[in-house]
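Student: Can you walk me through how the helices sit in this one?

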Amino acid sequence: MITTIVHVEVNPARIDDFIRATIANHLKSVKEPGNLRFDVLQKGDNPEKFALYEAYEDEASAAAHKQTPHYKEWRETVAPWMAKPREGISYRAIVP
């Protein structure tokens, strides 16, 4: 299993827009072959900060996600709303 945690900081005026766009991306991402999880998290004490937890069966499935139309649309839509560039960190799952 391959996981990525994407850290995003959103401009305060665009938080609701970011949530709507990210939910739309989530709903399509969870239907992708090889997708195991796609969680959208918002920091409780700082609502401008988000984390996306993505889990895929393997590297090929994770790479395929980045080629989907819904991912590309999300990426282009939300980029101007970010306070700084997003940071994705990949991990290899040990358990489960």
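Tutor: What follows covers one helix, its packing partner and a histidine; the model is predicted.

Student: At what angle do α1 and α3 pack?

Tutor: Helix α1, residues 15-29, packs on helix α3, residues 69-78, at about 170 degrees, with the axes 9 Å apart. Angles over 145 degrees count as roughly antiparallel, so α1 is roughly antiparallel to α3.

Student: Which residues meet there?

Tutor: From α1, F18, A21, T22, N25, K28 and S29; from α3, H70, Y71, W74, T77 and V78. By class, that contact has five nonpolar, five polar and one charged residues.

Student: Back to α1 alone. How far apart are its end C-alpha atoms?

Tutor: They are 20 Å apart, which agrees with the 21 Å that 15 residues should span at 1.5 Å a residue.

Student: Which α1 residues are buried?

Tutor: I15, F18, A21, T22, N25 and S29. They cover an arc of only 130 degrees around the axis, so they lie on the same side of α1. D16 and R20, on the other side, are exposed.

Student: What covers the buried ones?

Tutor: The cover includes strands β1 (2-10), β2 (35-42) and β3 (49-56), along with helices α2 (59-65) and α3.

Student: Different topic: H70. Buried or exposed?

Tutor: H70, in helix α3, has a relative accessible area of 13%. Buried means under 20%, so H70 is buried.

Student: And what is H70 in contact with?

Tutor: Setting aside neighbours within four places in sequence, H70 is in contact with N25, K28, S29, E32 and H65. N25, K28 and S29 are also among the α1 residues that meet α3.

Technical notes: Residues are numbered from 1 along each chain as its sequence is written. This is a predicted model: local features need pLDDT of at least 70, side-chain atom pairs count only at pLDDT 80 or more; totals for chains, interfaces and linings use all residues. Side-chain values use heavy atoms; hydrogens and water are left out. Axes are lines fitted to C-alpha atoms, for helices over the stretch in contact, and angles run from 0 to 180 degrees between N-to-C directions. Helices (H or I, at least four residues) and strands (E, at least two) are DSSP runs, numbered from the N terminus. Angles under 35 degrees count as roughly parallel, over 145 as roughly antiparallel, 65 to 115 as roughly perpendicular and the rest as oblique. Contact means heavy atoms within 4.5 Å. Ala, Val, Leu, Ile, Met, Phe, Trp, Tyr, Cys and Pro count as nonpolar, Asp, Glu, Lys and Arg as charged, and the others, Gly among them, as polar. The expected span of a helix is 1.5 Å times one less than its number of residues. Buried means under 20% relative accessible area, exposed over 50%, partly exposed in between (1.4 Å probe, protein chains only). The arc is that of the directions from the helix axis to the C-beta atoms.
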